[in-house]
Protein chains: 2
Amino acid sequence: MRELTMPIGELARTVGCKVQTIRYYEQIGLLPVPGRTAGAQRRYGAAHREKLSFIRHARELGFPLPAIRELLALADQRESDCAQADQIARRQLDAVIRRITMLNSLRAELERMLQHRRGHRIRDCRVIATLADHGLCQEAHHGHAPQA
Amino acid sequence: MRELTMPIGELARTVGCKVQTIRYYEQIGLLPVPGRTAGAQRRYGAAHREKLSFIRHARELGFPLPAIRELLALADQRESDCAQADQIARRQLDAVIRRITMLNSLRAELERMLQHRRGHRIRDCRVIATLADHGLCQEAHHGHAPQA
DNA sequence: CCTAAAACCTATAGTTACTGGAGCTTCAAG
DNA sequence: CTTGAAGCTCCAGTAACTATAGGTTTTAGG
């Protein structure tokens, strides 16, 4: 007895994605199937909106769909199967920390550039060196899947 | 007169990507064409390695190739055309800050989960709510390209 | 110098995560 | 009860790789 009233277009507008993307997520089983009107049009509720918003943000942060699937499962299974959930959470946390570290370096470098430029003086642009430095990603990720 | 000695496989191994990915980047003009042996095999130097390493890290952070192209250009043009470079740097910095903000929320939430789990007590998993919250991405990104 | 395995070459096809279009149906405002 | 916006399904296309096929080059060993 939830309020499944939102048509797909409105949902798309509120989370900032394309209508087809929503249908695609449903197709691959990432988003639960919504209710339908008599004429077979999808109608969504608040739960759908939150899940979709999460997916979109996670995608913007570069998480692949399998990782997002894991995180969603983590959120769904409230208390059962702790050991496995714990392991997933820990793995995702590692991935998140690695990203934050690299982004912070890049941020510092971009800020430095803007700073120096203001003084009309910049000889050595270290943007590349900043992220090229391999010390930033503590071990890990050498030779397997892109991330997470 | 640079030391262009590294074969493609070794370069791939050192930066942690696939051989084909390197050839692909060359094909789309992201990576400069390397020298070739008499037998037409590619040989790379330190400059190539650094550029490639940067590209790979930026990709892992979720930057699309067009954004990476911009950042590389920013690094190449040492002092010419400051105004434009400044604008690009500022735009990328905004994107970076937005990502860091969201990742920090997710990180806090994952840490909280692991903490609570340790005490065998977790009723409310807020992983979704953490990133679902749209307040985290200050305005921006509603209705256009995925990011950056 | 001569092999033979490992690494390289080009070209093409497949994968992931969407995005767009064609052709038709449903919804809701007037 | 019409009519235009929004929805539906299905299929084709894009970005950024990734894998495979079939052939050539390198290089270490004999």
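## Exercises on a predicted protein–DNA model

In chain A, 3 strands make up an open, antiparallel sheet with the order β1-β3-β2. Keep in mind that this is a predicted model. The exercises below start from that sheet and work outwards.

### Exercise 1. The sheet of chain A

Find which strands of chain A are the edge strands, and work out which residue is the bridge partner of A:Arg36.

*Solution.*

Step 1. β1 (6-7) and β2 (35-36) of chain A are the edge strands, and each of them pairs on one side only.

Step 2. Follow β2(A) to its partner: it pairs with strand β3 (residues 42-44) of chain A in the antiparallel sense, over 2 bridges.

Step 3. Within β3(A), the bridge partner of A:Arg36 turns out to be A:Arg42.

Step 4. Now place the sheet in the whole chain. Chain A has 6 helices and 3 strands, and along the sequence they follow the pattern β-α-α-β-β-α-α-α-α.

### Exercise 2. The sheet of chain B

Explain why one side of β1 and of β2 of chain B is left without a neighbour in the sheet, then find the residue that stands opposite B:Pro7.

*Solution.*

Step 1. Chain B also has an open sheet of 3 strands in the order β1-β3-β2, with antiparallel pairing.

Step 2. β1 (6-7) and β2 (35-36) of chain B stand at its edges with a single partner strand each, so one side of each has no neighbour in the sheet.

Step 3. β1(B) is joined to strand β3 (residues 42-44) of chain B by 2 bridges, and the two run antiparallel.

Step 4. In β3(B), the residue opposite B:Pro7 is B:Arg43.

### Exercise 3. An alanine with positive phi

Locate A:Ala40 and decide whether it is buried or exposed; then do the same for B:Ala40.

*Solution.*

Step 1. A:Ala40 sits in the loop between β2 and β3 of chain A. Its phi is near 70°, a positive value in a residue other than glycine.

Step 2. Count the neighbours: A:Ala40 has 6 C-beta neighbours inside 10 Å, and therefore counts as exposed.

Step 3. Turn to chain B, where B:Ala40 is in the loop between β2 and β3. B:Ala40 is not a glycine, yet has a positive phi of about 70°.

Step 4. B:Ala40 counts as exposed because it has 6 C-beta neighbours inside 10 Å.

### Exercise 4. The nonpolar cores

Which residues have the most contacts inside the largest nonpolar core, and which element gives the most to this core?

*Solution.*

Step 1. The largest nonpolar core has 30 residues, and A:Ile22, A:Ala58 and B:Leu131 have the most contacts inside it.

Step 2. At least two residues of this core come from each of α1, α2, α3 (46-60), α4 (65-76) and α5 (82-118) of chain A, and likewise from each of α5 (82-118) and α6 (127-132) of chain B.

Step 3. The element that gives the most is α5(B), with 5 residues.

Step 4. Look at B:Leu131 in detail. Beyond its neighbours within four places in sequence, B:Leu131 is in contact with A:Phe54, A:His57 and A:Ala58, and with B:Met102, B:Ser105 and B:Leu106.

Step 5. There is also a second, separate core of 29 residues, which includes B:Leu31, B:Phe63, B:Leu71 and B:Ala95.

### Exercise 5. The surfaces near DNA

Name the residues that come nearest to DNA strand D and the closest ones around DNA strand C.

*Solution.*

Step 1. Of the 23 residues around DNA strand D, the nearest are A:Gly9, A:Arg42, B:Thr37, B:Gly39 and B:Leu65. Two or more residues each come from α1 (8-15) and α2 (19-27) of chain A and from α2 (19-27) and α4 (65-76) of chain B.

Step 2. DNA strand C is surrounded by 23 residues, the closest being A:Thr37, A:Gly39, B:Pro7, B:Gly9 and B:Arg42. Here α2 of chain A, and α1 (8-15) and α2 of chain B, give two or more residues.

Step 3. The surface near DNA strand D has 11 nonpolar, 7 polar and 5 charged residues. The surface near DNA strand C divides into 11 nonpolar, 7 polar and 5 charged.

### Exercise 6. Confidence

Find where pLDDT stays under 50 in chain A.

*Solution.*

Step 1. Chain A has a mean pLDDT of 79, with 74% of its residues at 70 or more.

Step 2. The stretch with pLDDT under 50 is residues 138-148 of chain A, for which the model has 16 contacts beyond four places in sequence.

Step 3. Where pLDDT is low, predicted coordinates should not be read in detail.

How values were computed. Residues numbered from 1 in each chain as written. Chains lettered and ligands numbered in written order. Predicted model: local features only at pLDDT ≥ 70, side-chain atom pairs only at ≥ 80, totals over all residues. Near = placed C-beta within 6 Å. Helix = DSSP H or I, 4+ residues; strand = E, 2+ residues; numbered from the N terminus. Nonpolar A, V, L, I, M, F, W, Y, C, P; charged D, E, K, R; others polar. pLDDT = per-residue confidence, 0-100. Contact = placed C-beta atoms within 7 Å. Core = buried A, V, L, I, M, F, W, Y, C linked by C-beta atoms within 7 Å. Buried ≥ 20, exposed ≤ 12 C-beta atoms within 10 Å, placed from the backbone. Pairing = 2+ DSSP bridges.
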